[in-house]
Amino acid sequence: MDETVTELENFDPDWLALREPVDHATRSRRLEGLLAARLTDRERVRVVDLGAGSGSTLRHLAPRLQELGVAAEQEWVLVDHDEDLLARALATPVPAAASVATATVDLADRDAVRDVLSGADVVVGSALLDVLPAPVATGLVEVLSTLDPRPAVLFVLTVAGGATSEPEVPGVAEGFDADQRVHGLGPDATGHVADAFAAHGWSVEREATPWRLSTSPLLDAWAEGWFAAAGVPAQPLSAAVVPHEDLLAQ
């Protein structure tokens, strides 16, 4: 086991449920199409979902791949450090296209990560990269690069920084992004991981996938965390654009 151990926070299941509809609507359809094109001739597809949380990516992507012509049996492995969230994922109806197993893995443990990724055709992760420390993200790419054959990798909804709001509140975006960099890669995550993939010979596609929020419980919940992380007194917002980015490596 590596010396560096991740200390990822446990995410509030209510927050994950609140953001799920917007997450599903925001993901890059173009990158999903490129992923599906790679899988249409398969009889079985093993998908490993890193940082799976309560299973949002499974609920979106399993039926989405079917819509895109992937007829293969889908075997999903949901990986997270939070056993309670994985239990919630199993308690939610599973898409008909998929069978599901779970695994509790520390993403800093390269041997454990290599074991769980063994035999994967697809590796996915949502809202994951920005919370990873740089050595863990780099190590994950290094492990993925040792697999033979290499899977396709789709990381989505990574925070990209520079959020804007109505009304505009100066200094909050900069304060939030600085706080993100204290705890992980933050808004630098997609660029960092894209460079690491490219250094190992992967082809990388990226696409901006911003949240566009109007007055809603999600906007209120997001703004509460945005102001708090920046150390700025909160005030009501009527809208916000929250940049994210999706990445496909293959």
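This dialogue explains how to read several features of a predicted model.

Student: In which order do the strands of the open sheet lie?

Tutor: A sheet is read from one side to the other, strand by strand. In this predicted model, the seven strands of the open sheet follow the order β3-β2-β1-β4-β5-β10-β7, and their pairing is mixed. At the edges lie β3 (98–104) and β7 (204–208), each of which pairs on one side only. From one strand to the next, the twist averages 15°.

Student: Which helix packs on the sheet and touches β4, β5, β7 and β10?

Tutor: That helix is α2, residues 29–37. The direction of α2 makes about 155° with that of β7.

Student: How many bridges join strand β1 to β4, and how many join β1 to β2?

Tutor: Strand β1 (residues 44–50) runs parallel to β4 (residues 122–126), and four bridges join the two. With β2 (residues 73–80), β1 also pairs in the parallel sense, over seven bridges. Residue V47 serves as a reference point: V47 stands opposite V122 in β4 and opposite W76 in β2.

Student: Why is β1 described as largely enclosed by the rest of the structure?

Tutor: The description rests on burial: six of the seven residues of β1 are buried, so β1 is largely enclosed.

Student: Which residues of helix α8 are buried, and where do they lie around the axis?

Tutor: In α8 (residues 189–199), the buried residues are A189, T190, V193, A194, A196 and F197. These residues lie on the same side of α8 because they cover an arc of only 160° around the axis. They pack against α6 (134–146), β5, β7 and β10. The face turned away from this buried side carries D195 and A199, which are exposed. Just after α8, G201 takes a positive phi of about 85°.

Student: What describes two packed helices?

Tutor: Two packed helices are described by the angle between their axes and by the distance between those axes. Here, α5 (residues 110–117) and α6 pack at an angle of about 45°, with their axes 10 Å apart. That angle makes α5 oblique to α6. The crossing of α5 past α6 is right-handed.

Student: Which residues make the contact between α5 and α6?

Tutor: From α5, the contact is made by R110, V113, R114 and L117. From α6, the contributing residues include P135, G139, L140 and E142. V143, L144 and T146 of α6 also take part in this contact.

How values were computed
Residues numbered from 1 in each chain as written. Predicted model: local features only at pLDDT ≥ 70, side-chain atom pairs only at ≥ 80, totals over all residues. Heavy atoms only, no water. Pairing = 2+ DSSP bridges. Axes fitted to C-alpha atoms, helices over the stretch in contact; angles between N-to-C directions. Contact = heavy atoms within 4.5 Å. Buried < 20%, exposed > 50% of the residue type's maximum accessible area, 1.4 Å probe, protein only. Arc of directions from axis to C-beta. Parallel < 35°, antiparallel > 145°, perpendicular 65-115°, else oblique. Left-handed = near helix turned anticlockwise from the far one by under 90°.
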